[in-house]
Structures are given as structure tokens and as C-alpha cells.
Amino acid sequence: MKKIEHIGIAVNNLEVANLLFEKLFGAPPYKTESVESEGVNTSFFMNGPNKIELLEATNQESPIAKFLEKKGEGIHHIAFDVEDIVLEIARLKAEGFIVLNEMPKKGADNKLVAFLHPKSTNGVLIELCQEIEL
């Protein structure tokens, strides 16, 4: 893993949260995006070298809707940038981590993503991210 790619925060209302984070960082989100496969709308903020992703559920089956129902708004995941997501999935699985999706899928912000179950990572959902080469 190269670095923390971003921190994902689950929110009830993306429009309201965007206004709050815009005040916090002094700048609007640099990108907003819908990821239909995950049932989320997202926005991304930069703060220095750090990236924050806000996630709002678009349907009740969304993982974000389920998270909000159980825990309320707050940190949902920490994402790490990886060189080769397929090799990293295999490595982490061999190390005993519970991988939620064995094949990477397209995520927001031009990334391939995969997740590690919080049961195997001290209660923190971990996302692996690899930039999609165009």
C-alpha cells in the first residue's frame, strides 16, 4: 500500500454536508459523482494532500443506507492507494483478511476498488484503490 487515498464519510444529505465541508475547507468539492452499482452519490474535497469522500445513499439497499441506519453519520471507510489491486487482494487474502469482493470493481473517482471486511481489520472497513489507466 502506497498511501491513504481518501477517507470516506457517510452522510444523510450530500447537499447539506457539501455546504458544511465547503465552509470547513474553504473550497467547494472538486468532483461529484453517482455510482449506481453501489447506490451512492459522492463528492470529493481536497485539503492539502488529503482527500475526503462524502457518501450519500440513493436507495435503501445501498451499503451506505445500511451503515447510516446502524451507526449514523460518520467515518465509513479508509481507502488505501495500491499499485496492483489484484495482487494486493490475493496477498491480503493469503494473510487471512476477509475480502468482500475478490475481483475489483469500478468505483468513484476513476478507481478500481475492493473492500476488506471490518471483522478482519479491527472494526474498520478498508478500501483498496487503484487508478484506472486510460
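Ring pairs join Phe21, Phe25 and Phe45 into a cluster. That is a good place to enter this model, which is predicted.

How many aromatic pairs are there? The count comes to four. Take Phe21 and Phe45 to begin with. Their ring centres are 6.0 Å apart, and their planes meet at 40°. Planes under 30 degrees apart would count as stacked, and over 60 as edge-to-face. The angle here is 40°, so this pair is tilted.

Now place the two rings along the chain. Phe21 sits in helix H1, which covers residues 14-25. Phe45 sits in strand E3, which covers residues 40-47. The two residues are 24 apart in sequence, so their pairing ties together separate parts of the chain.

Are these two residues buried or exposed? Phe21 has a relative accessible area of 12%, so it is buried, because buried means under 20%. Phe45 is buried as well, with a value of 1%.

A further pair brings in Tyr30 and Phe44. The ring centres of Tyr30 and Phe44 lie 6.0 Å apart with planes at 40°, so this pair is tilted. Tyr30 belongs to the loop between H1 and strand E2 (31-35), while Phe44 belongs to strand E3. They are 14 residues apart, and the pair links distant parts of the chain. Their surroundings can be compared through accessibility. Tyr30, at 40% relative accessibility, counts as partly exposed. Phe44, at 1%, counts as buried.

Next, the sheet. Strands of a sheet pair through backbone hydrogen bonds, either parallel or antiparallel. In this model, eight strands form an open sheet with mixed pairing. Read across the sheet, the order is E2-E3-E4-E1-E5-E8-E7-E6. Which strands stand at the edges? They are E2 and E6 (105-106). Each has a single partner strand, so one side of each is left without a neighbour in the sheet.

Look inside the sheet at E1 (residues 3-10) and E5 (residues 74-81). These two strands run antiparallel and pair over seven bridges. Within E5, Ile75 stands opposite Ile9.

Finally, see how helices lie on the strands. H1, the helix that holds Phe21, lies across E1, E3 and E4 (50-57). The angle between H1 and E3 is about 0°. Helix H3 (residues 85-94) lies across E7 (111-116) and E8 (126-131). H3 runs at about 155° to E8.

Return to Phe21 and Phe45. Their ring pair connects H1 with E3, and H1 also lies across E3.

Terms used: Residues are numbered from 1 along each chain as its sequence is written. This is a predicted model: local features need pLDDT of at least 70, side-chain atom pairs count only at pLDDT 80 or more; totals for chains, interfaces and linings use all residues. Side-chain values use heavy atoms; hydrogens and water are left out. Rings of Phe, Tyr and Trp (its six-membered ring) pair if their centres lie within 6.5 Å; planes under 30 degrees apart count as stacked, over 60 as edge-to-face and the rest as tilted. Helices (H or I, at least four residues) and strands (E, at least two) are DSSP runs, numbered from the N terminus. Buried means under 20% relative accessible area, exposed over 50%, partly exposed in between (1.4 Å probe, protein chains only). Two strands pair if DSSP finds at least two bridges between them. Contact means heavy atoms within 4.5 Å. Axes are lines fitted to C-alpha atoms, for helices over the stretch in contact, and angles run from 0 to 180 degrees between N-to-C directions.
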